[in-house]
Amino acid sequence: MSRKLVSSKEASKIIKDGMRVAIGGLTIHRKPMSLIHEVLRSGIKGLRVLTLGGGPDVDLLVAAGAVEVVEAAYVGFEILGFAPNFRKAAETGRIKFTEHTEYSIMAGLQATAFEAEFIPSKLLMGTDILKALGYKIFDSPITGEPIVAYPRIVPDVTLIHAQRADQHGNAQVEGVTAIDLLLAKASKKVILSAERIVTTDEIMKVPSMTNLPSTFVDAVVECRYGAHPTSCYPYYTYDLWHMISYLESARTGKIDEYLRRYITGLDSFDSYLDEVGEESRKKIQMQR
Amino acid sequence: MNSYTPDEMMIVCMARELQNNDIAAQGLTTPMALVSYYLAKATHAPQATIMQLAGNIIVHIDEPRRISILYNEFRAMERAVHQGTQTEVYETLFKRTASIIEFFRPAQIDKYGNSNNSLIGKDDTMIRLPGGFGIPDVSPLYPRTVYYVPRHERRVFVERVDYLGGLGVEAKATKTRRQIRVVTNLGVFKIDADFGSMRVHSIHPGVSPEEIKENTGFEIPIPRGILETTPPTDQEIELIREKIDPLNIRQLEMLSGEERTKTLLELLEKELAEKP
């Protein structure tokens with residue numbers, strides 16, 4: 001096992017213009033926000049972003065103009081409603097939105113992870129969603145009935161925020177695990193940020209908790225509050241107040257101001273956390 | 001008899017759809033669904049299994065538990081017997097199809113039971129919605145599909161959905177005999193292949209047939225002497241208000257726009273004061 005611990009700046013060099021970048025987490029849960037900020041600060045463009053359920057991650061990348069295509073089964077802020085920048089860009093055609101479902105994403109990733117050319121299944125037949133995906137329908141050699149070929153989905157890089165990891169990238173992902181482990185298996189490269197970097201001895205205490213082993217990971221970054229404003233169980237819950245003010249800035253045409261104040265005008269995620277303030281962090285903190 | 005609110009009437013109707021031994025799966029952003037699962041567990045379906053947070057956390061609920069916005073994931077993990085992955089959620093849905101109950105909230109639903117959470121309108125006037133997530137995958141597989149609509153309006157109940165997401169009863173792809181239920185603030189509705197389109201199962205007390213016709217965007221037959229929905233019992237209301245949702249988080253699903261944000265902020269302050 002090699003050491004993979006690097007700075008987020010170093011890790012983000014893996015990401016290049018135009019890549020298909022997958023993002024772990026789900027909507028407002030455990031999004032790799034510090035890595036997203038790094039992408040935004042580096043000025044990478046033309047990304048094809050894939051995620052099961054997008055939230056502030058997708059909305060920020062779209063707002064900053066870093067994205068050409070979004071592929072997702074859902075993009076929104078759950079109880080807070082629409083993702084405003086994503087929605088506007090999708091409606092005006094500034095980005096292309098490929099609407100998936102949970103199954104169409106998982107099937108494509110499963111095909112890749114298990115070295116299949118495609119997954120044959122009848123799910124989604126007859127829906128407009130499948131039509132728009134343009135997937136081929138063929139006669140099954142087993143039953144002779146029409147069946148959909150769900151082609152491989154191969155992300156160039158996947159960004160994941162884990163609760164804990166050692167310096168080799170043996171990681172523990174908790175709570176809403178979404179499809180992170182599957183993304184890691186199907187992706188060419190994986191950048192993992194972790195709330196805590198712990199010793200390998202610590203990881204060895206309960207090996208069954210290591211649901212994302214180092215064999216699937218290429219770079220490891222340590223970042224406290226690395227999922228903010230989304231949640232990271234058991235350490236902190238989501239900062240809904242911050243997200244409400246973000247949505248307000250989008251509504252009132254002040255999104256560029258937000259981007260400058262919190263991301264592009266700063267040198268690091270630590271500066272962002274300072275800008276968010278200790279008081280706000282205390283509000284959401286659940287466990288040290 | 002207690003007085004009750006439209007959301008409480010709906011929650012009780014939803015809870016009645018859950019049978020003992022069912023597996024109840026929770027999707028995204030659905031406090032009303034979770035209240036109804038917990039209510040069913042505390043009343044007629046104590047054996048039911050609940051899968052929370054898009055389904056990957058299986059919880060053990062042995063007595064009425066409180067729902068939360070701010071601590072949703074934390075409360076679920078406190079009661080977790082298993083933390084799986086989303087792939088495993090689907091493996092469960094596929095294996096236990098006949099026992100799964102999952103309450104979906106459609107942006108549009110048509111008279112044939114087709115649902116849409118993708119987009120409304122087209123070209124210049126197109127509205128991009130957040131997306132159907134898993135609804136289009138699994139809804140046609142279930143023998144029982146339950147939709148809920150907190151605001152029964154013409155823009156939700158349309159002749160034909162603008163975009164086909166969750167398939168209704170016309171679909172050839174569905175082999176099983178299906179029954180689709182729709183619970184709204186006005187009544188309970190049903191759609192099956194035998195009749196072919198939506199009809200009334202029961203009307204909530206105090207709601208007139210005219211009110212339903214006015215707020216439904218297609219012809220809906222309402223025979224004379226139609227069933228009236230059994231109102232919530234005192235015990236059900238007490239469980240909802242005192243044990244499961246004392247802060248009244250459920251009302252968020254009935255609200256929209258600024259009113260919802262304002263209510264949400266008030267709820268968050270109350271939850272913050274109770275931080276574990």
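In this predicted model, helix α5 of chain A passes helix α4 of chain B in a left-handed crossing. The contact between these two helices is made by A:E102, A:Y103 and A:M106 on the side of α5(A), which meet B:Q86, B:T87 and B:Y90 of α4(B). Sorted by class, the residues of this contact are three nonpolar, two polar and one charged. The helices themselves cover residues 102–113 of chain A and residues 86–95 of chain B, and their axes come within 11 Å and cross at roughly 115°. Since angles of 65 to 115 degrees count as roughly perpendicular, α5(A) and α4(B) are therefore described as roughly perpendicular to each other.

This helix pair joins two chains, and the contact between the chains can be followed further from the side of chain B. In total, 39 residues of chain B are in contact with 46 residues of chain A. On the side of chain B that touches chain A, the elements that give two or more residues are α3 (72–78), α4, β9 (127–128), α5 (135–138) and α8 (257–273) of chain B. Of these elements, α8(B) gives the most, with four residues. By class, this side of chain B divides into 23 nonpolar, 12 polar and four charged residues.

Turning from the interface to chain B as a whole, one finds eight helices and 14 strands. The radius of gyration of chain B is 18 Å, close to the 19 Å that the globule rule gives for 276 residues, so chain B is as compact as a globular protein of that length. Along its principal axes, the C-alpha trace of chain B spans about 50 × 45 × 40 Å. Buried residues account for 51% of the 276 residues in this chain, and among the contacts in chain B between residues at least 6 apart in sequence, 68% join residues at least 24 apart.

A second helix pair lies within chain B itself. Helix α2 (residues 31–42) and helix α7 (residues 234–244) of chain B have axes that come within 10 Å and cross at roughly 120°, and that angle makes α2(B) oblique to α7(B). In this pair, α2(B) passes α7(B) in a right-handed crossing. The residues that meet are B:V35, B:Y38, B:L39 and B:A42 in α2(B) and B:E236, B:L239, B:I240 and B:I244 in α7(B). By class, this contact has seven nonpolar, no polar and one charged residues.

Notes: Residues are numbered from 1 along each chain as its sequence is written. Chains are lettered from A and ligands numbered from 1 in the order in which they are written. This is a predicted model: local features need pLDDT of at least 70, side-chain atom pairs count only at pLDDT 80 or more; totals for chains, interfaces and linings use all residues. The radius of gyration is taken over C-alpha atoms; the globule rule is 2.2 Å times the number of residues to the power 0.38. A residue is buried if 20 or more other C-beta atoms lie within 10 Å of its own, exposed if 12 or fewer, and partly exposed in between; C-beta atoms are placed from the backbone. Two residues are in contact if their C-beta atoms, placed from the backbone, lie within 7 Å. Axes are lines fitted to C-alpha atoms, for helices over the stretch in contact, and angles run from 0 to 180 degrees between N-to-C directions. Angles under 35 degrees count as roughly parallel, over 145 as roughly antiparallel, 65 to 115 as roughly perpendicular and the rest as oblique. A crossing is left-handed if the near helix is turned anticlockwise from the far one by less than a right angle, and right-handed if clockwise. Ala, Val, Leu, Ile, Met, Phe, Trp, Tyr, Cys and Pro count as nonpolar, Asp, Glu, Lys and Arg as charged, and the others, Gly among them, as polar.
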